[in-house]
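Have the sequence and the 3D view open side by side. The report below moves from helices to single residues and then to rings.

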Amino acid sequence: MRLILLTMLVLAIQVLSAPNINGQDNVPLDSLLAQVQAIPVAEISVQATSISSTLAEKRKILLTEDEQTRYDQQVDSVLARYDVIMEDPRHKKFDKINSRELESLKNDWRNVSLRLEETQKELTRRVETFENEKASLQIPLRRWNLTLEQASNENATQTVLEQIRSTINAIEQVIGYLNENSDFLQDDMVAVSEKLISSNGIIQTFVVKLDESTIQRFRFDKPVIWKDSLYVRDTAMAEPGYFGANIPVIKGFVADNSRKMIVHLALFILITIVLVSMFRRLQKSIAKKDEKYVSRTRILMSKPIATSLMITFTITLIYYTNIPQVIRSLNAVLILVPMTLLITHNIHRVIRKYIYLLLSFVLIMVFHDLTYREDLFNRLLMLIVCSGSFISIVFMIRDRSIQELVNGNISRQILYYLLYIVGLMMGIATVTNIFGGVFMAEYFGISTLYSIITAILVYSFILVINGILIMIIYSRGISSLTVIKNFGPTVEKRITGFVTLAGWSIWVLLILREFTINDEVFGWFNRVFVAPIKIGSTQISLLNIILFFFIIWLTITISRIIRFFLEGDVFTRLKLKKGVPGAISLMLRITLITIGFLIAIAAAGVRMEKLAILLGAFGVGIGFGLQNIFNNLISGIILAFERPINEGDIIEVGALMGIVKEIGIRASIIKTYDGSEVIVPNGNLISNELINWTLSDQRRRGEVRLGVAYGTDPQKVLDLLLEAAESNERVLDYPKPWAIFLGFGESSFDFRLLFWIADADTRLTIQSEVTVRINQMIKEAGIVIPFPQHDLHLRSADAKIFDRINMVDESISKKTGEQFPKAGKQKKGPGDETP
């Protein structure tokens, strides 16, 4: 940031300190000439050499014969293109052609206008250069004329006078050449400007006509089809057909874009080489265990040439500007071939036959476009296409195999219900064609059919892109990543889902353009979402609100994805101190969310100079109602820098003990040992007393307490406890296990065994193993673990109670042989009575 500010400061200083060149240029030439003075006689030779070099540089910018020829050919070519479009027979029936042909002619004229503008700009640039050079020579010419006048008055030598005259002649000669070149280009500029004005006027006429055709396309202005027999190519001898009229258009397009076509061909070769090598490499690098994920892409990867052709022909629609309709139609035919090869094995066999049938109707439609004339022949072609498509759609809807195929799949059900709309469109086109609404039939029929072919093309691209991505994801290099190993299907689903969503979104935009309703839809969008809504003195729009929340959501999503890959693959491969990966991840999330928030504020239309007011209001909110939230946010930053706890640590906060699963910006997640996950605000972790059992290392101390019967040798018990701990391999040798004799308990000798474990997560398991081993060893050693004993002295009791106690003692004596004294019969003591 400091470097950027320093660069801006330096640029500002340079701009402020730069000389006012423009101000000097704006000084009138007459004033500059009036200030010119003669050259001193002593400097004439030096100045003559200098001006000679300057004139040599001026001569380099003059037009050569080859350049003049090139300019003539360029201007003649663009003017010839203008004449070809002007002679198009469709201009003679301007009021009768449909909107599609109007759009085609408008694109042709835009292409011509674009070329005329480019030619005019180039000619203007060269003429301005010549005029500037002429103006720059006026001052030297004036100076040398004054020098000649001064030298003549001072009776200079003949040699000096000849040198002055020679220099003046050289300057005048260059000025003359510049005048000739400027006049030569200005003649061409006049011709180009006239044609440009004319073409712009024609384009405006087409724009108005297209607006009118939006209403006219719904009129029935032709006779019904059975009365149209006299309307069969009645002007065939008077003018060439539409295809014949398009031959000059094709030639003109090739001539205008010859260089681009060479680049396009080179691009096709490059794409083919890349795809062939990439497909082969990816097929070899697919891991066998991932075969189930890429089996559906094998057929796709085996057709790199078809993929390259489809990509190349599709690029045609983007690479070239103002493409004529005839080129679009031919390009559609060329796209159909590789597209059909690619989708053959990726479409269910039940639907495949219907797709092939619709593609055949598309070919007929392309032939209709290429040979278009308003006669019965083309009208019948249109009827065949629309009625055939309508019948095909009806059979698809009624096909039980297709109905069973779409059951249980939402996307397929949506496509199935779209068939009803397509069938309705084709039905309307068929009926309107029969009853004289030819323009309406072409609008619904052609647009719908081209929408279908566009959908298939988009589907093909989705298959190609998703296939390549799947092959890359499950290649040997990428599949070795931890993220792919653990979440491969999830990553594949998210990426391919995004590609699919993007593809169909583009298709929707293309459909709006195909039906020529994109301007209306975008206009409605602007009125609803972009139009400002005034709230007092503040203006805001729905689009700004949507962008604000979308950018916030996108920022959070991107931060999660970055954290996902960092923690899954990057940090696991780097040797970082404990807690550093978590701190880096947290700070990166905070940075990304902060940047995203600022971008969202800017997208919402809030000016940056008003951001201070917003932050001030935010500060007041913090002081009143958001102080806890802000405290937690700051505490999260403190946790990131100081790292008193790290992810994976075992901590104890109050009555809560568990493992730190995640340290968030506002709160952290603690997973207790009973499996529950507790959300703890970061402020509690900073302000409250906290015990971190694994801050410096993972070692934990285990403990076993033991009580043995009185009379047992304590040293024997101590040795036994140490032996039990040392026999466990997972008990650390250092610090050594430690057994101590705690003292005399109420019923036993009490002992305590302490030992250390390397991993805190295994403390309970190892402690249980040591306890089990101690139990085995004390049994083998004959050591008794006593039960708690208490002596009860009865001073008086009912005789029946003593009888019951004696009965129980007798039954135990019969089983064990042990003798018990009779209850109730004790020796008399002082002050005692026999009960």
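## The end of helix H28

Start at Gly782. This glycine comes just after H28 and has a positive phi of about 75°. Bear in mind that the model is predicted.

Now step back into the helix itself. H28 covers residues 763–780, which makes 18 residues. From first C-alpha to last, H28 reaches 26 Å, close to the 26 Å expected at 1.5 Å a residue.

## Two sides of H28

Which residues of H28 are buried? They are Arg763, Ile766, Gln767, Val770, Ile774, Met777 and Ile778. These residues cover an arc of only 105° around the axis, so they lie on the same side of H28.

The other side of H28 has exposed residues: Leu764, Lys779 and Glu780. What covers the buried residues of H28? The cover includes strand E8 (700–708), helix H27 (714–726) and strand E10 (749–757).

## Helix H12 and Ser308

Helix H12 runs over residues 304–319. Its 16 residues should span 22 Å at 1.5 Å a residue, and the end C-alpha atoms are 21 Å apart, which agrees. The buried residues of H12 include Pro304, Ala306, Met310, Ile311 and Phe313.

Ser308 also belongs to helix H12. How buried is Ser308? Its relative accessible area is 0%. Leaving out residues up to four places away in sequence, Ser308 touches Phe268, Ile271, Thr272 and Leu275. Phe268 offers a polar partner too: its backbone oxygen lies 3.4 Å from a polar atom of the Ser308 side chain.

## Arg589, a buried arginine

Move on to helix H23 (residues 580–603), where Arg589 is found. Is Arg589 buried or exposed? Arg589 has 10% relative accessibility, so it counts as buried.

What does the side chain of Arg589 reach? It comes to 3.1 Å from the backbone oxygen of Ile663. Ile663 is also one of the contacts of Arg589 once neighbours within four places in sequence are set aside. The others are Ser559, Arg563, Glu662 and Gly664.

## Aromatic pairs

How many aromatic pairs does a search of the whole structure find? The count is 19. Tyr416 and Tyr417 make one edge-to-face pair, 5.9 Å centre to centre with 70° between the planes. Tyr416 is buried, with a relative accessible area of 9%. Tyr417 is exposed, at 52%.

Tyr443 and Phe515 form another pair. Their ring centres are 5.8 Å apart and their planes are at 80°, so this pair is edge-to-face. Tyr443 lies in helix H18 (residues 438–473), while Phe515 lies in the loop between helix H20 (482–514) and helix H21 (518–530). The pair therefore ties together parts that are 72 residues apart in sequence. Tyr443 is buried, with a relative accessible area of 12%. Phe515 is buried as well, at 11%.

## A ring cluster and charges over rings

Some rings join into a group. Ring pairs link Tyr710, Phe741, Phe744, Phe749 and Phe751 into a cluster.

Rings can also have a charge above them in this model. Which ring does the charged end of Lys260 sit over? It is the ring of Tyr319, with the charged end 5.6 Å from the ring centre. Arg699 has a ring partner as well: its charged end sits over the ring of Trp756, 5.9 Å from the centre.

Technical notes
Residues are numbered from 1 along each chain as its sequence is written. Side-chain values use heavy atoms; hydrogens and water are left out. Rings of Phe, Tyr and Trp (its six-membered ring) pair if their centres lie within 6.5 Å; planes under 30 degrees apart count as stacked, over 60 as edge-to-face and the rest as tilted. Buried means under 20% relative accessible area, exposed over 50%, partly exposed in between (1.4 Å probe, protein chains only). Helices (H or I, at least four residues) and strands (E, at least two) are DSSP runs, numbered from the N terminus. A charge sits over a ring if NZ of Lys or CZ of Arg is within 6 Å of the ring centre and within 35 degrees of the ring normal. A polar contact is a pair of N or O atoms within 3.5 Å; within protein, one must be able to donate a hydrogen and the other to accept it, and residues adjacent in sequence count only if both atoms are side-chain atoms. Contact means heavy atoms within 4.5 Å. The expected span of a helix is 1.5 Å times one less than its number of residues. The arc is that of the directions from the helix axis to the C-beta atoms.
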